[in-house]
Number of protein chains: 2
Amino acid sequence: MTATNIPDDHPRARSLRVREAMKDAVEAGLVHATGLIAHGRGEAFDYLLGETSPPEAEAAGAEAVRLLRAARRPVLSPNGNVVALDAAGCVALAEAIPGLRLEVNLFHRTPERIDRLVRAVEAAGAPAGSVLGREPDARIPGLASDRALCCAAGIGDADVVLVPLEDGDRCEALVAMGKTVITIDLNPLSRTARTAHVTIVDELTRALASLRTAPPGTGRFDNTTNLAAVRRRMATHLLESA
Amino acid sequence: MTATNIPDDHPRARSLRVREAMKDAVEAGLVHATGLIAHGRGEAFDYLLGETSPPEAEAAGAEAVRLLRAARRPVLSPNGNVVALDAAGCVALAEAIPGLRLEVNLFHRTPERIDRLVRAVEAAGAPAGSVLGREPDARIPGLASDRALCCAAGIGDADVVLVPLEDGDRCEALVAMGKTVITIDLNPLSRTARTAHVTIVDELTRALASLRTAPPGTGRFDNTTNLAAVRRRMATHLLESA
């Protein structure tokens, strides 16, 4: 089955198309093979949301918008999976939030893959030369080797960072740097989900679309409480499905 | 990170090694890229089990052993993910259950991949020529194209089939053929989990190891009740993790 011959009326047509697109992104060198495994983990938790955005994601999204709009230097840092899933959504969010810079980051960094991803984000509509990541000139303290690399004009000097589908170590290191960290992660139990200041438990494409238009929150938001509510929602789904 | 440089004391060393092995299996042509996504879905549900075998898996395993031992023609049919994860476990189970035949099956079938998988199972210890799958001479009614292909000496004439990590359509088609279907599937909500007669909700390697030594059950087993108990267990894990 390829993306082009999945029937529109297949009950899982969207999910199957995304899977094929992710496989193609591996073949195109945008996504690391283990990124497919991470995608699968997300799929499982999205089943437990009934594949719809929960109210808790809306609340976290409102707080994220408030923080991003109030930031001095906000950054959205997509990795390979994020670019493959929704490069256009990243570009559209950068257009919607004043001053939001885009910086590609990679867990499995190679200069070639960074270059391909920067070009993919530009192809999705980012102004040429606007996407950071190719020439890292700063480091995130506490991370080994290449995973520490970042750009001073992006993550390095950012006060608020939106890092969707982020690795736990890197999320912790960003928090330890004193940055306000927002993530999008379908797994409410992940280290990233628990470490970030604001965790939007939602599928990436739905979350980015919602952030584009969400009004800023009031600042009354507690991430731990919000995550607990999402976990209760998923638990209820598990119990009621049969 | 490669399988060889994952530190032994990393809290997720086993999971990281399995991920790398699955990636290598894709590169070796044993596993389809979308098999990595399926593996990730399994990982997510295994988190919800606390990455240990639940008592419900033991109960389902005992019923599986009872059925396999009482079968006239029992078959274990591994696909690419199953071979990549635990070819040796399949061979060991075939040695433990009298008459259990092995037949490789694939969702994304190519003759080359079937051949590689048969050779991988033989390399894991199956007697040369004992593994079916290369020369299909029967069909599973109700399935389109290559997914229907099977061997008369294996699945075709089997009365009890153990099909771990099985596709929902294929599981339904095997049940419709009148076969007693046992599966191993970490997702208690999947169509396969709900359709099979006996669903062992457990990680593949743990489940195969347990089946090798489990005493046969008494026949008092209800799959729906057992699945509901696993779902409650996962829900509790979601609620109690914080």
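The exercises below, each with a worked solution, concern a predicted model with chains A and B.

**Exercise 1. The extent of the contact**

State how many residues each chain gives to the contact, and how much area is buried between chain B and chain A.

Solution. Begin with the residue counts: chain B gives 32 residues and chain A gives 33 residues. Next take the area, which is about 2,800 Å² between the two chains. Of this buried area, 74% lies on carbon and sulfur atoms. Then look at chain B by residue: Ile37(B), Arg41(B) and Leu238(B) lose the most area to chain A. Together these three account for 22% of what the chain B side buries.

**Exercise 2. Charged and polar pairs across the interface**

Find how many salt bridges and how many residue pairs in polar contact cross the interface of chain B and chain A.

Solution. The salt bridges across the interface number two. Arg41(B) forms a salt bridge with Glu43(A). To check this pair, compare its closest N and O atoms, 2.6 Å apart, with the cut-off of 4 Å for a salt bridge. For polar contacts, the interface has six residue pairs, with both residues at pLDDT 80 or more.

Now identify the helices on the chain B side. In chain B, α1 (13-27), α2 (33-48) and α10 (223-240) each supply at least two residues of the side that touches chain A. The largest share, 12 residues, comes from α2(B). Sorted by class, the chain B side has 16 nonpolar, eight polar and eight charged residues.

**Exercise 3. How the copies are related**

Work out what turn and what shift lay chain B on chain A, and what kind of axis relates the copies.

Solution. A turn of 180° with a shift of 0.0 Å along the axis lays chain B on chain A. The RMSD of this superposition is 0.0 Å. The two copies are therefore related as by a two-fold rotation axis. As for the contact, the same surface serves both copies, since 100% of the contact residues of chain B recur in chain A.

**Exercise 4. The sheet in each chain**

Give the strand order of the open sheet in chain B, then that of the open sheet in chain A.

Solution. In chain B, six strands with parallel pairing run in the order β3-β2-β1-β6-β7-β8. The edge strands of this sheet are β3 (131-132) and β8 (198-200), each pairing on one side only. At the β8(B) edge, β7 (residues 180-184) of chain B pairs with β8(B) over three bridges in the parallel sense. Within this pair, Ile182(B) has Val198(B) as its bridge partner.

In chain A, the open sheet has six strands in the order β3-β2-β1-β6-β7-β8, with parallel pairing. Here β3 (131-132) and β8 (198-200) of chain A are the edge strands. Strand β6 (residues 160-162) of chain A pairs with β7 (residues 180-184) of chain A over three bridges. Across from Val161(A), in β7(A), stands Val181(A).

**Exercise 5. A salt bridge within chain A**

Locate Arg191(A) and Glu172(A), and explain why their pair ties together parts that are apart in sequence.

Solution. The structure holds 34 salt bridges over all chains. Arg191(A) and Glu172(A) form a salt bridge, with their closest N and O atoms 3.2 Å apart. Because Arg191(A) lies in helix α8 (residues 191-195) and Glu172(A) in helix α7 (residues 168-176) of chain A, the pair ties together parts 19 residues apart in sequence.

Terms used. Residues numbered from 1 in each chain as written. Chains lettered and ligands numbered in written order. Predicted model: local features only at pLDDT ≥ 70, side-chain atom pairs only at ≥ 80, totals over all residues. Heavy atoms only, no water. Contact = heavy atoms within 4.5 Å. Buried area = accessible area lost by both parts, 1.4 Å probe. Salt bridge = Lys/Arg side-chain N within 4 Å of Asp/Glu carboxyl O. Polar contact = N/O pair within 3.5 Å; in protein donor to acceptor, adjacent residues only side chain to side chain. Helix = DSSP H or I, 4+ residues; strand = E, 2+ residues; numbered from the N terminus. Nonpolar A, V, L, I, M, F, W, Y, C, P; charged D, E, K, R; others polar. Least-squares fit on C-alpha atoms with pLDDT ≥ 70 in both. Pairing = 2+ DSSP bridges.
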